[in-house]
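User: I'm new to reading protein models, and I'd like to learn how the labels are earned. Could you walk me through this one?

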Amino acid sequence: MKKNIKRYLLSTLLVVLAVGVVDKTAGFVLDYLWHRIPVTQDMGKGQFARNEVNTDLVIIGSSRAAHHYDVNMISDSLSYSAYNLGLDGCFFLDNCCVMHALIIRYSPKIIILEIADDAMYAEAENHMEMLYNYYWSDVYVKDIVNHEEGWQTGLKLMSSLYRHNANSFKTIGYGLKGLRFRKQNDPLSGYAPIAYKEKRKELELCEPDNSKMLTISEWKKRLLSDLLKEAFAKGIKIYVVTSPLFVAPNNINQKSKEAIDSICKDFGASYWDYSSESLFLNHPQWFNDGAHLNEVGASVFTKMIISRIQDRCK
């Protein structure tokens, strides 16, 4: 009986060790490839934002930021070097992490933070997967992930494979591409224009969802406030912007927008809300869909932003 127990324990130990070795070995390979993803891919752009970007002006936000701000136009008009750090699928909490890491490392002259008009609601969408690779190296990220998903996620992230699980195929594909082409610069400096297309029928206004009960998150308000406080202390000018949406005007996100505006005013920052801008609502051909401008709309919008920044800098 005792021999059977010993065999069982030994077998279990060997299995655990084997799984651990596979996990660490595969994790090492994935980490190696992840660090070599080119800046032209979002996962590479996220690392570039934290570790390398050093331009006078940066734009932080989701895919709406990536598609809506032509940084080459901005650079030419303001005589600032500029980079668009907009990341697909990365919302307010991801953007807080990028902005925090960036501010600690250096002080750009201007940060444009593209923010969703519902960002201050507790129910607003935020995915954590893009933050997993920074969990053990960045206390700020760790605190945010733990707040959103609980400390149990930290136990899961002890597995090297789990950190990469959601994006493992992208890591392998983009990492191998990075190995082939080594240092790959982005001629559009992070801007991702959506080509204009003639639509078979005119885009229709999206109707807002009135069924959700929404509550303001004091924790998210504090995150935004602390970031603006950090930026203010370093003399960085912050412009918080909600770019145009092709959504029927409504008051669903009014409380969130009021919270954003109030926090900005506390630190002398500007909040520019274009979510229901009539100029864009009257030009559906400037949109690719209800949330994203095409290259024509982005050009019009970028000119408006440039003009407002120039007015502020006079």
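**How the labels are earned**

Analyst: Gladly! Strand E4 (residues 237-242) and strand E5 (residues 270-273) run parallel and are joined by four bridges. Keep in mind that this is a predicted model.

User: What makes E4 and E5 a pair?

Analyst: Pairing takes at least two bridges between two strands. E4 and E5 have four bridges, so they count as paired. You can look for Val240, which stands opposite Tyr271 in E5.

User: What kind of unit do E4, helix H11 and E5 make?

Analyst: Together E4, helix H11 (residues 254-266) and E5 form a β-α-β unit that is right-handed.

User: Why is helix H2 described as largely enclosed?

Analyst: Eight of the ten residues of H2 (residues 42-51) are buried, so the rest of the structure largely encloses this helix. The buried residues are Met43, Gly44, Lys45, Gly46, Gln47, Phe48, Ala49 and Arg50. For each of them, buried means a relative accessible area under 20%.

User: How do you know that there are zero disulfides?

Analyst: A disulfide needs two cysteine sulfur atoms within 2.5 Å. For Cys96, the closest cysteine sulfur is in Cys97, at 6.8 Å, so that is too far for a bond. Cys264 is in no disulfide either: the nearest cysteine sulfur to it belongs to Cys96 and is 12 Å away. For the structure as a whole, the count of disulfides is zero.

User: Are Cys96 and Cys264 buried or exposed?

Analyst: The cut-off for buried is under 20% relative accessible area. Cys96 has 1%, so it is buried. Cys264 has 0%, so it counts as buried too.

User: Why is Ser79 called exposed?

Analyst: Exposed means over 50% relative accessible area. Ser79 has 65%, so it counts as exposed. This serine sits in the loop between helix H4 (71-78) and strand E2 (82-84). Its phi is near 60°, a positive value in a residue other than glycine.

User: And what makes Ser189 buried?

Analyst: Its relative accessible area is 15%, and buried means under 20%, so Ser189 is buried. Ser189 has a positive phi as well, about 50°, although it is not a glycine. Look for Ser189 in the loop between helix H9 and helix H10 (218-233).

User: Which residues lie closest to the centre of the largest pocket?

Analyst: The largest pocket has a volume of about 1,000 Å³. It is lined by 41 residues, and those closest to its centre are Ala116, Asp117, Asp118, Leu245 and Asn253. Helix H3 (63-68), helix H5 (92-105), strand E3 (110-114) and H11 each give at least two residues to this lining. By class, the lining has 17 nonpolar, 13 polar and eleven charged residues.

User: What is the volume of the second largest pocket, and which residues lie nearest its centre?

Analyst: The second largest pocket has a volume of about 450 Å³. Its lining has 23 residues, with Gln41, Asp42, Met43, Leu87 and Asp88 nearest the centre. H2, H3 and H9 (168-181) each supply at least two residues of that lining. You will recognise Met43 as one of the buried residues of H2. The classes here are eight nonpolar, nine polar and six charged.

Technical notes: Residues numbered from 1 in each chain as written. Predicted model: local features only at pLDDT ≥ 70, side-chain atom pairs only at ≥ 80, totals over all residues. Heavy atoms only, no water. Buried < 20%, exposed > 50% of the residue type's maximum accessible area, 1.4 Å probe, protein only. Right-handed = clockwise from strand over helix to strand, strands pointing away. 1 Å grid on protein atoms, 1.4 Å probe; cavity = no way out; pocket = protein on both sides within 12 Å on 5 of 7 lines; lining within 4 Å. Points joined across faces, edges and corners; volume = space filled by probe spheres on them. Nonpolar A, V, L, I, M, F, W, Y, C, P; charged D, E, K, R; others polar.
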